[in-house]
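I opened my notebook for a look at how two chains meet and at what lies inside them. Here is what I looked up, in the order I went.

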Amino acid sequence: MKSTIIYDDIHAWHVFARDPEKVEGIIDTNQYMVKANNRVLLLDPGGIEIFSSMLTAVLHHVHLEEITDLFASHQDPDIISSLGLWEQALPGARLHVPWLWEGFIRHFGAKKIKYMPIEDHGGTLDLGEVKLQFIPAHYLHSSGNFHIYDPKAKILMSGDVGAVLDKPDAPMFVEDFDAHIEKMKMFHQQWMPSNRAKQDWIKRVGKLDIDILAPQHGGLFQGADVKRFLDWFEELDVGIAIP
Amino acid sequence: MTTQETVLIAAATVTSELSEVSQVAKNMTLSVMNAKTISQCAGESARGFHPITDYIEDIAKNIDHLVIQISEEARTLSRLSVIYSQSEIGLKRYETVIRKAKDAAHVSSLKGIMQKLYDEFENCRTLLLRKLESLSVSLDDMKNITRSSIVISIMSRVEAAGAFEFRKDLEVVADNLESSTEDIRSHTDISYDKIITVMEQLHRETQK
């Protein structure tokens with residue numbers, strides 16, 4: 001699995017993706033890791049099928065005992081179906097999840113891990129060097145959904161917003177925004193159900209200072225592409241699948 | 001076929017076959033009520049048949065109790081097979097990590113976890129084997145009951161022979177008992193064979 005450091009200062013952000021050994025037919029996912037001095041957080045650690053590759057990649061950077069927290073933006077299997085396997089290695093870890101999905105995510109087989117339900121209005125996670133913010137993103141696409149904003153690194157981990165189901169060898173960052181639009185359009189119109197929810201998110205995220213917008217699938221947006229994406233998304237009509 | 005699949009199929013087979021046994025036992029109870037009435041009408045000529053009807057009643061009750069016990073054991077077996085499978089899958093995924101992460105800086109942090117996973121897997125296998133053994137003993141008990149039932153059906157036929165004008169009615173009771181016993185034996189044998197096959201598969205895996 002490809003591993004890239006996207007921010008490296010007192011704390012660091014890693015993205016793990018583009019697994020060449022991934023089982024055919026499974027969508028590619030971006031997993032993230034925030035490494036602070038005494039705490040390590042895995043964000044949307046992925047599905048059961050990529051667990052071995054993901055843990056292997058993680059072990060190149062951190063000792064297992066350093067991983068203290070997991071975050072699941074929502075309940076989908078590509079986000080967190082590996083939970084039961086992670087728990088084998090991290091029985092003392094805390095899992096931050098939208099409160100709405102706690103009882104559903106427990107179906108992925110973790111009993112010992114400590115569930116930290118996130119209330120609808122969001123909250124914060126203090127990792128010492130950095131205080132991460134849980135940004136509400138409900139109905140984008142899941143009805144209980146959060147993104148994570150790092151005000152120091154100016155990174156917004158944006159879950160399925162900004163996502164693209166791209167080729168397995170796609171670049172880690174978006175290189176041609178205009179070409180990328182074509183890939184994004186159907187995904188956002190089909191997966192995102194609510195224009196109202198989208199506008200609320202745009203308003204909320206528009207106030208943040210973002211250098212990197214990091215979705216769970218496909219290329220990451222950086223620099224001017226972040227604003228380009230927000231402007232494009234604001235104009236997009238979503239929830240179009242109703243016949 | 002994986003061990004979990006074999007165990008799940010075996011547990012489902014036991015549950016299904018035992019459900020048939022339960023139905024046969026119910027029919028036996030009805031048949032024994034009929035036999036009691038006939039033997040009462042036959043009076044002195046069917047004197048030897050009275051205790052036989054009591055035996056048949058006891059057999060039907062014992063079968064019913066065993067069916068409940070075996071069905072519960074089969075349910076537990078299904079649950080254990082799922083836990084066993086999850087444990088095996090988890091272990092395999094971690095073995096893959098060990099293989100792939102040979103040159104990773106922090107691979108040593110997996111050492112303690114691997115030992116824990118191996119121990120848990122062995123524990124699951126032991127529990128599964130114990131439950132299979134327990135189930136095979138219960139099914140063996142059922143087979144013993146059918147052996148007693150065969151003896152009773154022979155006795156009932158002998159007693160029916162001396163019951164003069166009620167002979168034919170009591171022979172029908174003996175026929176019913178004989179065919180019920182044969183049904184129960186057949187369903188029990190199918191279940192027993194399945195359980196023994198799984199036990200052998202699991203033992204072979206343990207030896208590997």
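My entries cover the interface and then the nonpolar core.

Entry one, the model. I kept in mind throughout that this is a predicted model.

Entry two, the extent of the contact. I found 21 residues of chain A and 19 residues of chain B taking part. Together the two chains bury about 1700 Å², with 57% of that on carbon and sulfur atoms. I then looked up which residues of chain B weigh most here: B:Arg93, B:Lys100 and B:His106 supply 37% of the area that chain B buries against chain A, more than any other three residues.

Entry three, polar links. I counted two salt bridges across the interface of chain B and chain A. In one salt bridge, the side chain of B:Lys100 meets that of A:Glu21 at 3.0 Å, N to O. I also noted ten residue pairs in polar contact across this interface.

Entry four, the chain B side. Here α2 (49–100) and α3 (111–161) of chain B each supply at least two of the residues that touch chain A. The largest share, six residues, comes from α2(B). By type, I sorted this side into nine nonpolar, five polar and five charged residues.

Entry five, the core. Which members of the largest nonpolar core touch the most others? Of its 78 residues, they are A:Leu95 and B:Ile63. I saw that α2(B) gives the most to this core, with 15 residues. Following B:Ile63 beyond its neighbours within four places in sequence, I listed contacts with B:Val21, B:Ala25, B:Met28, B:Met142, B:Ile145 and B:Ile184.

Key
Residues numbered from 1 in each chain as written. Chains lettered and ligands numbered in written order. Predicted model: local features only at pLDDT ≥ 70, side-chain atom pairs only at ≥ 80, totals over all residues. Heavy atoms only, no water. Contact = heavy atoms within 4.5 Å. Buried area = accessible area lost by both parts, 1.4 Å probe. Salt bridge = Lys/Arg side-chain N within 4 Å of Asp/Glu carboxyl O. Polar contact = N/O pair within 3.5 Å; in protein donor to acceptor, adjacent residues only side chain to side chain. Nonpolar A, V, L, I, M, F, W, Y, C, P; charged D, E, K, R; others polar. Core = buried A, V, L, I, M, F, W, Y, C linked by side-chain atoms within 4.5 Å. Buried < 20%, exposed > 50% of the residue type's maximum accessible area, 1.4 Å probe, protein only.
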